[in-house]
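Visitor: I should like to be introduced to this structure through a series of questions. Please begin by showing it to me.

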Amino acid sequence: MEKLRIVFMGTPDFAVGILDQIVKNNYNIVGVITAADKPAGRGQKIKYSAVKEYALANNLNLLQPTNLKEESFLAELKSLNANLQIVVAFRMLPKVVWEMPQFGTFNLHASLLPNYRGAAPINWAIINGETKTGVTTFFIDDKIDTGAMILSSETEIDPDENAGQLHDRLMKLGSSTVIDTLALIEEGKVVTTIQTEDADIKTAYKLNKENCKIDWSKSSLEINNLIRGLSPYPASWCFFTDKVQEWNVKIYEAKIITESHNFSIGAIISSKKELKIATKDGFIQVLNLQFPGKKRMTTAELLNGISFSEEARVL
């Protein structure tokens, strides 16, 4: 059994959950690589990545290269003498980096590959109405999320679950899957599976303002899936209009009311405590939202300070 010397690469909270389990299972982390510090927020204060915060708190050797092909970084990486690299929510690696260690470089991806390759697998699984998802470990190659698979673990998606809740569950599932993968590599028992390629493979496209906007011409189920799949971040959005006023509104939580009606699609129907939006097959009842310049709030809290006319609608 070969003793592993691991370099871990990652940036967000999801990666921290995995790194923490590797540390707690007493694996030898010889280096941690994360994104360079950058200014964030209104004050443009320097913000550390979640992985950097964890590495500093646990006295782990930290590298923050801006260029993964730079000779000085490659020399420093090589000097760590790692025989395995693990990547979780980082960035695409050049071949000179991923092929460096003896046992290669494996990635943990938050989907059941080959489906949902790409930047936002957790979000798109919910947006597309999937009933199950999971995590996959695979050896990195020269394309994105296409390498030979090592292990996968599956879980059901609850119909009321949002992306944040699923993220946290997949982080735990991913942690145990990475530990199982490490055991296989240590014992020389890895058997890989080549990913299939066909036209039906679904992609986890990068999220942007356009694909986060609610299309109210869709069914209530599709709209609610988008809301769940983007909550709590980056959040679905649309315009609320009422006479001459218009607001860019984020919607975080809703529920479906299936019933026939005579309202036009997009009409806002509100009372003192309830706000519904008409769809082609019923209503979306908005439960939690955020108006510009305001904090996130329940619909009841919003309706304490604002009322809508019969002309109000969403765009």
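Guide: Buried means under 20% relative accessible area, exposed means over 50%, and partly exposed lies in between (1.4 Å probe, protein chains only). This is a predicted model, in which local features need pLDDT of at least 70 and side-chain atom pairs count only at pLDDT 80 or more, while totals for chains, interfaces and linings use all residues. Residues are numbered from 1 along each chain as its sequence is written, and side-chain values use heavy atoms, with hydrogens and water left out.

Visitor: Are Phe240 and Phe308 buried or exposed?
Guide: The rings of these two residues form a pair, where pairing requires the centres of Phe, Tyr or Trp rings (for Trp, the six-membered ring) to lie within 6.5 Å; planes under 30 degrees apart count as stacked, over 60 as edge-to-face and the rest as tilted. The centres of Phe240 and Phe308 are 6.1 Å apart with planes at 55°, so this pair is tilted. As for accessibility, both Phe240 and Phe308 are buried.

Visitor: How many residues apart in the chain are Phe240 and Phe308?
Guide: Helices (H or I, at least four residues) and strands (E, at least two) are DSSP runs, numbered from the N terminus. Phe240 belongs to strand S12 (residues 236-242), whereas Phe308 is in the loop between helix H8 (299-303) and strand S18 (313-314). The pair thus links distant parts of the chain, 68 residues apart.

Visitor: Which residues form one aromatic cluster with Trp247?
Guide: The ring of Trp247 pairs with that of Phe291, the centres being 5.4 Å apart and the planes at 55°, so the pair is tilted. Trp247 counts as buried at 14% relative accessibility, and Phe291 counts as buried at 6%. The cluster joins Trp247 with Phe240, Phe291 and Phe308.

Visitor: Why do Cys212 and Cys238 form no disulfide?
Guide: A disulfide is a pair of cysteine sulfur atoms within 2.5 Å, and a search of the whole structure finds 0 of them. Cys212 is buried, with a relative accessible area of 4%, and Cys238 is buried at 0%. The sulfur of Cys212 has its closest cysteine sulfur in Cys238, too far for a bond because the distance is 12 Å.

Visitor: Which element gives the most to the largest nonpolar core?
Guide: A nonpolar core is a set of buried Ala, Val, Leu, Ile, Met, Phe, Trp, Tyr and Cys residues joined through side-chain atoms within 4.5 Å. The largest has 36 residues, and those with the most contacts inside it are Ile6, Ile22, Ile86 and Leu182. Among the elements that give two or more residues are strand S1 (5-10), helix H1 (13-24) and helix H6 (163-186). With 8 residues, the element that gives the most is H6.

Visitor: Which ring lies under the charged end of Arg296?
Guide: A charge sits over a ring if NZ of Lys or CZ of Arg is within 6 Å of the ring centre and within 35 degrees of the ring normal. Lys209 lies over the face of Trp237, at 5.0 Å from the ring centre. For Arg296, the charged end is 4.2 Å from the centre of the ring of Tyr252.

Visitor: What is omega for the cis peptide bond between Leu113 and Pro114?
Guide: Pro114 is found in the loop between strand S7 and strand S8 (117-118). A cis bond also runs from Ser231 to Pro232, with omega near 10°. For the bond joining Leu113 and Pro114, omega is about 10°.
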